[in-house]
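Me: Can we walk through this one together? I'd like the overall layout, then the charges, then the surface.

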Amino acid sequence: MKREKIFYITAIAVLAAALVAALVYKRPLDIKTLTGVTEPDDIAITVLLVDEDMDTQQRDLTLSAGDEGFDELLARLEELRFRRPPTNLIRIVLPFLPESGGEAQKWEDGEFQHLFISLSQPGENGERVYGYVEFWVDEWEYRDFDRNLSLPLAVENAKETGQDLCAQIWEIATPVENDP
């Protein structure tokens with residue numbers, strides 16, 4: 001009976017630790033904490049818009065620290081709050097599992113399809129440190145470079161938040177000419 005009691009106590013302790021870890025993991029994070037780019041000096045953003053005829057329009061915005069609009073854009077990005085779903089922990093522990101999603105996303109005419117945000121800063125030994133967050137129609141994800149995985153994110157009002165941010169960036173970004 002003593003072994004059973006030790007087993008149950010150990011099992012409860014392990015489950016409690018896993019629950020605490022999941023709660024800590026899913027806490028809201030800002031973009032700097034999420035990406036690990038705590039002092040970004042470059043921001044690069046790409047926005048894609050595909051119309052009903054499947055014509056793609058792209059606009060890019062690249063700003064460096066000291067550029068007009070850099071601080072305002074960084075402040076806007078810092079307002080976003082991301083939550084990492086606890087299910088990401090399973091993908092991290094078992095990276096050989098197939099990535100979720102992969103389904104073609106449907107969008108309405110006039111909706112933005114893709115927002116790609118890249119932050120970077122100087123790292124140790126002179127190399128650059130990068131962090132990436134992406135928005136696809138109504139879903140968010142980030143790149144975990146340590147594990148070479150793209151993992152989903154939860155964002156409050158995900159679609160509206162992403163579409164609004166895309167529209168704001170679209171207005172100030174530079175159009176990219178498509179090759180004929």
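**Working through the model**

Reply: Glu108 counts as exposed, at 55% relative accessibility (exposed is over 50% relative accessible area, buried under 20%, partly exposed in between, with a 1.4 Å probe and protein chains only). This is a predicted model, where local features need pLDDT of at least 70, side-chain atom pairs count only at pLDDT 80 or more, and totals for chains, interfaces and linings use all residues. Residues are numbered from 1 along each chain as its sequence is written, and side-chain values use heavy atoms, with hydrogens and water left out.

Me: Where is Glu108 found?

Reply: In the loop between helix H4 (87-93) and strand E4 (112-122). Helices (H or I, at least four residues) and strands (E, at least two) are DSSP runs, numbered from the N terminus.

Me: Which residues form the negative surface patch?

Reply: Glu52, Asp53, Asp55, Glu108 and Asp109. Patch residues have over 30% relative accessible area and no salt bridge; like charges are joined within 9 Å, nonpolar side chains (Val, Leu, Ile, Met, Phe, Trp, Tyr) within 5 Å. Asp and Glu count as negative, Lys and Arg as positive, while His and the chain ends are not counted. The place of a charge is NZ of Lys, CZ of Arg, CG of Asp or CD of Glu.

Me: And which residues form the nonpolar patch?

Reply: Ile90, Val93, Leu94, Phe96 and Leu97, with about 490 Å² of accessible area together. Accessible areas come from the Shrake-Rupley method with a 1.4 Å probe; for residues, only the protein chains shown count as cover. Leu94 sits in the loop between H4 and E4. Leu94 is partly exposed, at 33% relative accessible area.

Me: Step back. How many helices and strands does the chain have?

Reply: There are 5 helices and 8 strands. Along the sequence the pattern reads α-α-β-β-α-β-α-β-β-β-β-α-β. The chain is more spread out than a compact globule, because its radius of gyration is 20 Å, well over the 16 Å that the globule rule gives for 180 residues. That radius is taken over C-alpha atoms, and the rule is 2.2 Å times the number of residues to the power 0.38.

Me: What box do the C-alpha atoms fill?

Reply: Roughly 75 × 40 × 25 Å, along the principal axes. Of the 180 residues, 35% count as buried.

Me: Leu29, buried or exposed?

Reply: Leu29 is buried, with 5% relative accessible area. Its place is the loop between helix H1 (2-25) and helix H2 (31-35). The C-alpha atoms of Leu29 and Ile45 are 20 Å apart, with the two positions 16 residues apart along the chain.

Me: Now charges. How many salt bridges?

Reply: The count comes to 6 salt bridges (a side-chain nitrogen of Lys or Arg within 4 Å of a carboxyl oxygen of Asp or Glu). One of them pairs Glu78 with Lys32, at 2.7 Å, N to O. That pair links distant parts of the chain: Glu78 is in helix H3 (residues 70-79), Lys32 in helix H2, 46 residues apart.

Me: How accessible is each partner there?

Reply: Glu78 is partly exposed at 24%. Lys32 is buried at 17%.

Me: What does Glu79 form a salt bridge with?

Reply: Arg76, with the closest N and O atoms 3.5 Å apart. The two are 3 residues apart in helix H3, so about one helical turn separates them. Glu79 is exposed, at 55% relative accessibility.

Me: And Arg147?

Reply: Arg147 meets Asp144 in a salt bridge, at 2.8 Å, N to O. Asp41, Asp42 and Arg128 are joined into one network by salt bridges that share partners.
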